[in-house]
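Student: Hi! I have a new model open and would like to talk it through with you.

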Amino acid sequence: VGGRARKGGGWPWFRRGKRSAVAEDVPGAIRHALGSALEGDSDGVEAALTQVVQADSSDVDAYLGLLRVYQGRNEVGRAISLAQTLILRRDLDREQKTKARLGLATCFREGGFTARAIEVLEEVLAEDRANPEALRALSELMAESGEFARALTLLRRWAQVEGVPSRREEAVLWLALADQASAAGQREGARRSLRKALRRDPDFGLAHLRLAESESERGRIKS
């Protein structure tokens, strides 16, 4: 997916030529970007960060800031183009490349390119198995794609890394697995998944209801 080049050809942050006095004042541009961000002025942030990268094309953090601006304005094409360009650079450290990849995955997801988003997130996890943002996002995408078992595995890894409970979210995924099994005619498999959902969250009312319905279908009215 290509970005939107401006009139005159090319992206403004890669232009060569005479630098303006404003562009040379990098600290001033950064202060302006911060002030604009606090005021919610995304155009002001973009203009200031563009000045920064025109003055110093090695300032990767400024490019990452521009990426977030485009994401915030839902300019998916521009964001994807910038993220892809950043990933190809050889001067990024590991953390910066990870941020660029995570940004690219978010753009692909927002643009409806689910398979590409999954591919990029898997690249992140291949280098950093404990990246919480990638684990969380990939778990959600797996659930959206109907791959609930893998979504569950990734969710557990995310919870372990973050040190937070995920009982209700795990129970929701077990319920989804139960529905999936039921739709495939695997009634016993569905019941097993419902019981696992309730082991994870005994107060999950919907799982209790589904299990009651399942028992009723078997003629086990008392149960």
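Tutor: Happy to! One term before we start: a helix here is a DSSP run of H or I with at least four residues, and helices are numbered from the N terminus. With that in place, just after helix 6, G112 takes a positive phi of about 90°. Please keep in mind that this is a predicted model.

Student: Good. How many helices and strands does the protein have?

Tutor: There are 12 helices and zero strands. Reading from the N terminus, the order of elements is α-α-α-α-α-α-α-α-α-α-α-α.

Student: And what share of the residues is buried?

Tutor: Of the 223 residues in the protein, 43% count as buried. As for contacts between residues at least 6 apart in sequence, 48% of them join residues at least 24 apart.

Student: Back to helix 6, then. How many residues does it have, and how far does it reach?

Tutor: Helix 6 covers residues 94-110, which is 17 residues. From first C-alpha to last it reaches 24 Å, close to the 24 Å expected at 1.5 Å a residue.

Student: What caps the N-terminal end of helix 6?

Tutor: D93 does, with a side-chain oxygen 3.2 Å from the backbone nitrogen of E95.

Student: Which residues of helix 6 are buried, and what do they pack against?

Tutor: The buried ones are Q96, T98, A100, R101, L102, G103, L104, A105, C107 and F108. They pack against helix 4 (60-72), helix 5, helix 7 (114-127) and helix 8 (132-144).

Student: Let's pick F108. Why does it count as buried?

Tutor: Its relative accessibility is 1%, so F108 counts as buried; the cut-off is under 20%. Beyond its neighbours within four places in sequence, F108 is in contact with I80, Q84, F113, T114, R116, A117 and V120. You can also find I118 10 residues away along the chain from F108, with 8.9 Å between their C-alpha atoms.

Student: I80 sits in helix 5, I think. Which residues are buried there?

Tutor: Yes, I80 is one of the buried residues of helix 5, together with V76, R78, A79, S81, L82, A83, L86 and I87. The span of helix 5 also agrees with expectation, because its 13 residues (76-88) should cover 18 Å at 1.5 Å a residue and its end C-alpha atoms are 18 Å apart.

Student: What about E110 in helix 6? Buried or exposed?

Tutor: In between: E110 is partly exposed, with a relative accessible area of 45%. Not counting residues up to four places away in sequence, E110 touches Q71 and N74. From E110 to V76 it is 34 residues in sequence and 7.4 Å in space, C-alpha to C-alpha.

Student: You mentioned N74. Where is its place?

Tutor: N74 is in the loop between helix 4 and helix 5. N74 is exposed, with a relative accessible area of 52%. It has a positive phi of about 60° although it is not a glycine. For background, most residues other than glycine have a negative phi.

Student: Nice one. New topic: what about S139 in helix 8?

Tutor: S139 counts as buried because its relative accessibility is 6%. Its side chain reaches the backbone oxygen of A151 at 2.8 Å. Leaving out residues up to four places away in sequence, S139 touches A151, L154 and L155.

Student: Now pockets. What lines the second largest pocket?

Tutor: The lining is made of A178, D179, S182, R187, A190, R191, L194, R210, E213, S214 and E217. Helix 10 (167-183), helix 11 (187-200) and helix 12 (205-217) are the elements that give two or more residues to this lining. The volume of the second largest pocket is about 180 Å³.

Student: And the lining by class?

Tutor: Three residues are nonpolar, two are polar and six are charged.

Student: Let me zoom in on R191. Buried or exposed?

Tutor: R191 lies in helix 11 and counts as buried, at 8% relative accessibility. Setting aside neighbours within four places in sequence, R191 is in contact with L211, S214, E215 and R218. S214 also appears in the lining of the second largest pocket, as does R191.

Methods
Residues are numbered from 1 along each chain as its sequence is written. This is a predicted model: local features need pLDDT of at least 70, side-chain atom pairs count only at pLDDT 80 or more; totals for chains, interfaces and linings use all residues. Side-chain values use heavy atoms; hydrogens and water are left out. The expected span of a helix is 1.5 Å times one less than its number of residues. Buried means under 20% relative accessible area, exposed over 50%, partly exposed in between (1.4 Å probe, protein chains only). On a 1 Å grid over the protein atoms alone, a cavity is a set of points where a 1.4 Å probe fits but cannot get out, and a pocket is an open set with protein on both sides within 12 Å along at least five of seven lines; lining residues have an atom within 4 Å of a point. Grid points are joined across faces, edges and corners, and a volume is the space filled by probe spheres set on the points. Ala, Val, Leu, Ile, Met, Phe, Trp, Tyr, Cys and Pro count as nonpolar, Asp, Glu, Lys and Arg as charged, and the others, Gly among them, as polar. Contact means heavy atoms within 4.5 Å. A polar contact is a pair of N or O atoms within 3.5 Å; within protein, one must be able to donate a hydrogen and the other to accept it, and residues adjacent in sequence count only if both atoms are side-chain atoms.
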